[in-house]
Amino acid sequence: MTEQVAHWFGLGAAEWQAVALSLKVAFWAALLSLPLGVFVAYALARWRFAGREILNGFVHLPLILPPVVTGYLLLMTFGARAPFGAALQEIGIVLAFRWSGAALAAAIMGFPLMVRAIRLSIEAVDPKLEEAATSLGASPIRVFWTVTLPLALPGVLAGVVLAFAKALGEFGATITFVSNIPGQTRTLPSAIYAFLQVPGGESAALRLVMISIVLAMGALILSEFLARRMAKRGRGA
Amino acid sequence: MSISVQLRHQFQGFALEAQFDVPSGVTALFGRSGSGKSTVIRAIAGLFAPDEARVVINGRVLCDTGAGICLPPHKRRIGTIFQDARLFPHLSVRQNLDYGRRFSARDVPEAEVAQMVEMLGIGHLLDRRPAGLSGGEQQRVAIGRALLSGPDLILADEPLAALDEARKDEILPYFERLRDEVSIPILYVSHSPAEVARLATTVVAFEAGRVTGQGGAVEILGDPNLMPAGVHGAGALIPARVQAHHADGLTELSAGGVPLFLPTLDAVLGAQVRLRIAAQDVILSPARPKGLSALNIMPGTIAQIRMGEGPGVMVSLATPAGVVLARVTKRSAAALDLKQGMPCHAVIKSVSIARQTVARGAVPLGAGEVRDGK
């Protein structure tokens, strides 16, 4: 079936492989970073603690650092011979040169965008409503699940979409950390890069470029739509 | 049923030091804006942690900083009605009402919900979202939501302040019904003498972070020392009995044997009511006035004269009906040579006894009754 879809788009097997891998990597990157993203966004939005600014800076680092630096840091931390990487290998999780490593790199690169969107939506939730929920007997964790999160939901979804879109396009950190292995770590941008390196690869690259543009536009439109929904909800409609 | 509160907190340039013990019923925390009433409410609710606090409700210690006990707000079993209704916008009215019920320490049966919905007149709103409701409707839902969380105490923090006059008149009767039909004690914060006069069984007066007096509503509202001359709308409470309805549109009341006339009151003959007579609506006359259009003349003796900072003087007159407060100018006081112990008459226009300040129902009405209830 996937070949039919690929054929429909006029894609060769290698090109389709890159698109499918990118979607898989981006999906898991966005999904798995979501709980931590919500937690960090909540902490930054609602808690006053020492080191809050440091945490904020740390979260934003991947946005500012050259992606190759982030990729190299990942390699030093999660590479096969790096301390973390070796420890994870012991329990059967291999990140180096695997699609899971690509997902980790994409998650880290998309994390600042996700946290920013969620943090804004949590800050838009009136703390007076949380206070009212507390006074009605809801514990802080219940207040979060029944009031804060539902009211911030459009922003959370927008954050997920942004992180997903960022993950689809991640190149620098991914190629540095997990290289460019067809079927394993060759995502859309890596594939475009690879096609451009060989003679006669331009038409395949162009098709992938078109797909990238469609996916990115789709994600942006969806996140804009969610942001508008959020604004409307904030007015109590 | 009793509520015991002791609080102490040092703000920058402002010290809060409040202590009061009040019985069940509606207790009004009464004072000007900025006198610390809302801070007290927030401290009782656990939303604010003062330097020192001891809060005991019906023997249950909610907070005792001396003993290192301080329950978090969600474990205090206190329902708070805020100035803004604070309904959850993502939930329907029904879901809002059910919110507190889920966490209630006691099982709030469905029948109680139905009864509350009926009492607050919100049955037709249950499936709506809060955003589509008027301010008054929202506040009624908020009242129901607080009550259905099964609280030991209701805190109402200026629940009418954000509403216009018409909406206030819409909500006040619901608070009267709460007072008369629900046995949960209520602490009601207000800076409006009219609201306090109508609802309160007990009053705790606040001034600059301190409790300046506490007791029955009649005593506190009639005490000129607790009602500074500058306070807007100071006025005494007079208990009275409905004597007759006259054909010319007036109702005759008897207050300690003194006849009082006011525009027709919707109350049966013999019913107990209490009137708030605003100090600024009272004219004083040493001799019994003649040829005056005002119908209500109460003889009495000047009990106290209190100079204000401005041009006003607060005179309290002991009459057979109780204490009447009159606010006159320093110039008039000097011209009439008003002195303590001097016989004097209070003159009140019938129409100045506003109908909405007349409270009825199961409020402790007679002054004696209030004293007993202390």
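Let me start in chain B, where B:Ile283 stands opposite B:Val347, a residue of strand β20 of that chain. I should say at once that what we have here is a predicted model, and I will try to keep my wording within that.

The pair belongs to strand β16, residues 282–285 of chain B, which is joined to β20(B) by four bridges, with the two strands running antiparallel. On another pairing, strand β17, residues 296–307 of chain B, is joined to β20(B), residues 343–348, by six bridges, and this arrangement is antiparallel too. In that register B:Met298 faces B:Ala346 across the bridge, and B:Pro299 stands opposite B:His345. Strand β17(B) also pairs with β18, residues 312–319 of chain B, again through six bridges and again antiparallel, and there B:Arg306 stands opposite B:Met314.

Now, which residues of β20(B) are on the covered face, and which on the uncovered one? The covered face consists of B:Cys344, B:Ala346 and B:Ile348, while B:Pro343, B:His345 and B:Val347 make up the uncovered face. That is the pattern one would look for, because side chains in a regular strand alternate between the two faces of the sheet.

Staying with this part of chain B, let me take one residue of strand β16, B:Leu284. Is B:Leu284 buried or exposed? B:Leu284 counts as buried, because 22 C-beta neighbours lie inside 10 Å, and the cut-off for buried is 20 or more. If we set aside the neighbours within four places in sequence, B:Leu284 is in contact with B:Val315, B:Ala326, B:Val328, B:Leu336, B:Cys344 and B:Ala346, and two of the names in that list, B:Cys344 and B:Ala346, were on the covered face of β20(B) a moment ago. B:Ala333 is 49 residues away from B:Leu284 along the chain, yet their C-alpha atoms are separated by 9.2 Å.

Let me turn to chain A, whose secondary structure comes to eleven helices and zero strands. The C-alpha trace of chain A spans about 65 × 45 × 30 Å along its principal axes, and 43% of its 237 residues count as buried. Among the contacts in chain A with a separation of 6 or more, 76% are between residues 24 or more positions apart.

An unreviewed UniProt entry annotates as "transmembrane region" residues 25–45, 57–79, 91–111, 143–165 and 204–227 of chain A. I looked at two of these spans in the model. Residues 57–79 of chain A are 87% helix and 0% strand, with end C-alpha atoms 25 Å apart, whereas residues 143–165 of chain A are 100% helix and 0% strand, with end C-alpha atoms 31 Å apart.

Inside the span 57–79 sits helix α4(A), residues 67–78, and here a small calculation is possible: at 1.5 Å a residue its twelve residues should span 16 Å, and the end C-alpha atoms are 16 Å apart, which agrees. The buried residues of α4(A) are A:Pro67, A:Thr70, A:Gly71, A:Leu74, A:Leu75 and A:Phe78. Those residues cover an arc of only 140 degrees around the axis, which puts them on the same side of α4(A). The spacing helps to explain this, because an α-helix has 3.6 residues a turn, so residues three or four places apart point the same way. What covers the buried residues of α4(A) includes α3, α5, α6 and α9 of chain A.

Just beyond the last of those helices, in the loop between α9 and α10 of chain A, we find A:Gln184. With 17 other C-beta atoms within 10 Å, A:Gln184 is partly exposed. Not counting residues up to four places away in sequence, A:Gln184 touches A:Phe97, A:Arg98 and A:Trp99. By contrast, A:Leu162, 22 residues away along the chain, has its C-alpha atom 24 Å from that of A:Gln184.

Finally, how do the two chains meet, and how many residues does the contact take from each? The contact takes 20 residues from chain B and 15 residues from chain A. On the side of chain B that touches chain A, the elements giving two or more residues are β7, residues 78–81, and α2, residues 93–103. By class, that side of chain B has ten nonpolar, seven polar and three charged residues.

Terms used
Residues numbered from 1 in each chain as written. Chains lettered and ligands numbered in written order. Predicted model: local features only at pLDDT ≥ 70, side-chain atom pairs only at ≥ 80, totals over all residues. Contact = placed C-beta atoms within 7 Å. Nonpolar A, V, L, I, M, F, W, Y, C, P; charged D, E, K, R; others polar. UniProt positions renumbered as here; feature names shortened; annotations may be inferred. Pairing = 2+ DSSP bridges. Buried ≥ 20, exposed ≤ 12 C-beta atoms within 10 Å, placed from the backbone. Expected span 1.5 Å × (residues − 1). Arc of directions from axis to C-beta.
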